[in-house]
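User: I am new to this structure and would like to understand the reasons behind the terms used for it. Could we go through them one at a time?

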Amino acid sequence: MLLLPLHARSEDAVEPLVGWRYLTAWEVNLWALVPILVSVGLYLWGVARLRRRGDKWPVYRTLSWLMGMTWIAVAAFSFLGVYDNVLFWVHMVQHMILTMVVGVHIAQSAPVTLALRALPRRPRGWLLAVLHSWVARVLLFPPLTTLVMIGYPFLLYMTDLYAMTMRNDWMHDLLHVWMVYAGVTFFVPIMGVDPLPNKLPYPLRFFLVLLAMPGHAFIGVTIMGATRLIAEDWYLAFNRDWGISPMRDQMWAGGILWATGDLTMLTVLTALGINWFKDSQKEARRIDRALDREEELEAQRLRQVWQAASGYETGGATATVGQQDAVVAAREVAPAEVATHEPDDEAPQDNEATAGQPREGHH
């Protein structure tokens, strides 16, 4: 088990990535393992706290969180983490897992909602203050996170920044953290499960996903068609006599970026469509219940009018001319209202879930 971030360098004796090496090349980094285990433990503590007080938490959300943490471990410790400095296509698989796969799983697991329901009052207040802060509004502003998702691969691979992350171990590890951050901040507002300061309607979510898709396709095709190697000096210094050539390695990397990016976005679009349909069905049922309540209240009002009219006829009291006219008018109007009353198609909408009032999304 490594206590410091160590990555392959050209002077190292790198074992060829062939055969069983794909399954046996594991190096566990304690600096990455501890945060993963702490994250898993905190999430499971929150679920257990809800269950102890009789509240339910969807099993699939717990599984989504566990899958997200597992994918982080695979990307960091398996052959993907061992050879990400040696082969460009391995780095790209790692890149797409950390950004796309992990981002979607964390967004679906609703960690903010779980925290708001499980934390004691004071820590919950602190979390609400963070969610309502201007920092959260900026960092989770959907147009900004979409721009980051589209733009950072261009900045990384079309400049010398990528070569710098190869030469510096800490920059390399920070790049992995950045990839997870970029994916989570993009997909959390898109999936819309957690209560956030910037709640998006479904059409805008579709638009942002469709806007991000061509970006990955373009940078992927650009890498595939490049005639010069990215981080050329770094990769050629290994002087490999195994595996595919450096140029073919780069072509594979570009193809992986293109294909997996579009595939992930199409999967997200499908999930959004399903969630939109479910939420629309739920909204329709809510409107029906509201209309039923309105009709019941109207019926009660009409019954009171008739009771007042009946009381006037049987009471024998001396009524004023105005009271007599009101009763006669009520008797004439009430049946007409019963016959012509139709439910209002525009029932008031529920307020969206806010950070102070988290509610579980239907997915």
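**Aromatic rings, patches and salt bridges**

Analyst: A starting point is the group Y22, F79, W89 and W252, which form one aromatic cluster. Please keep in mind that this is a predicted model.

User: Where does F79 lie, and why is F79 called buried?

Analyst: F79 lies in helix α4, which covers residues 79-82. Its relative accessibility is 15%, and because buried means under 20%, F79 counts as buried. In space, the C-alpha atoms of F79 and V90 are 8.2 Å apart, while in sequence these two residues are 11 apart.

User: How many aromatic pairs are there, and what makes F88 and Y162 a tilted pair?

Analyst: The count comes to 17 aromatic pairs. In the pair of F88 and Y162, the ring centres are 5.3 Å apart and the planes are at 35°. Rings pair if their centres lie within 6.5 Å, and planes that are neither under 30 degrees nor over 60 degrees apart count as tilted, so F88 and Y162 are a tilted pair. This pair links distant parts of the chain, with F88 in helix α5 (residues 88-109) and Y162 in helix α10 (residues 161-167), 74 residues apart.

User: How do you know whether F88 and Y162 are buried or exposed?

Analyst: F88 has a relative accessible area of 1% and Y162 has one of 0%. The limit for buried is under 20%, and therefore F88 is buried, as is Y162.

User: Why is the pair of F206 and W276 called tilted?

Analyst: The ring centres of F206 and W276 are 5.6 Å apart and their planes are at 45°, and because this angle is neither under 30 nor over 60 degrees, the pair is tilted. Here too the pair links distant parts of the chain, since F206 is in helix α12 (residues 202-225) and W276 is in helix α14, 70 residues apart. W276 has a relative accessibility of 38%, which lies between the 20% and 50% limits, so W276 counts as partly exposed.

User: Which residues form the nonpolar patch on the surface, and what makes V138 partly exposed?

Analyst: The patch is formed by W134, V135, V138, L139, F141, L144, L147, W178 and Y181, which together have about 860 Å² of accessible area. Helices α8, α9 and α11 each give two or more residues to it, and the largest share, 4 residues, comes from α8. V138 is placed in helix α8, and its relative accessibility of 39% lies between 20% and 50%, so V138 counts as partly exposed.

User: Which residues gather in the patch of negative charge, and why is D288 called partly exposed?

Analyst: D288, D292, E294 and E295 gather in that patch on the surface. D288 is found in helix α14, residues 246-315, and because its relative accessible area of 44% lies between the two limits, D288 is partly exposed.

User: How many salt bridges does the structure hold, and what makes D55 and R53 one of them?

Analyst: The structure holds 4 salt bridges. The side chains of D55 and R53 meet at 2.7 Å, N to O, and because the cut-off is within 4 Å, this counts as a salt bridge. Another is formed by R228 and E232 at 3.3 Å. R228, at 61% relative accessibility, is over the 50% limit and therefore counts as exposed, whereas E232, at 27%, counts as partly exposed.

Key
Residues are numbered from 1 along each chain as its sequence is written. This is a predicted model: local features need pLDDT of at least 70, side-chain atom pairs count only at pLDDT 80 or more; totals for chains, interfaces and linings use all residues. Side-chain values use heavy atoms; hydrogens and water are left out. Patches are made of residues with over 30% relative accessible area and no salt bridge: like charges are joined within 9 Å, nonpolar side chains (Val, Leu, Ile, Met, Phe, Trp, Tyr) within 5 Å. Accessible areas come from the Shrake-Rupley method with a 1.4 Å probe; for residues, only the protein chains shown count as cover. Lys and Arg count as positive and Asp and Glu as negative; His and the chain ends are not counted. The place of a charge is taken as NZ of Lys, CZ of Arg, CG of Asp or CD of Glu. Buried means under 20% relative accessible area, exposed over 50%, partly exposed in between (1.4 Å probe, protein chains only). Rings of Phe, Tyr and Trp (its six-membered ring) pair if their centres lie within 6.5 Å; planes under 30 degrees apart count as stacked, over 60 as edge-to-face and the rest as tilted.
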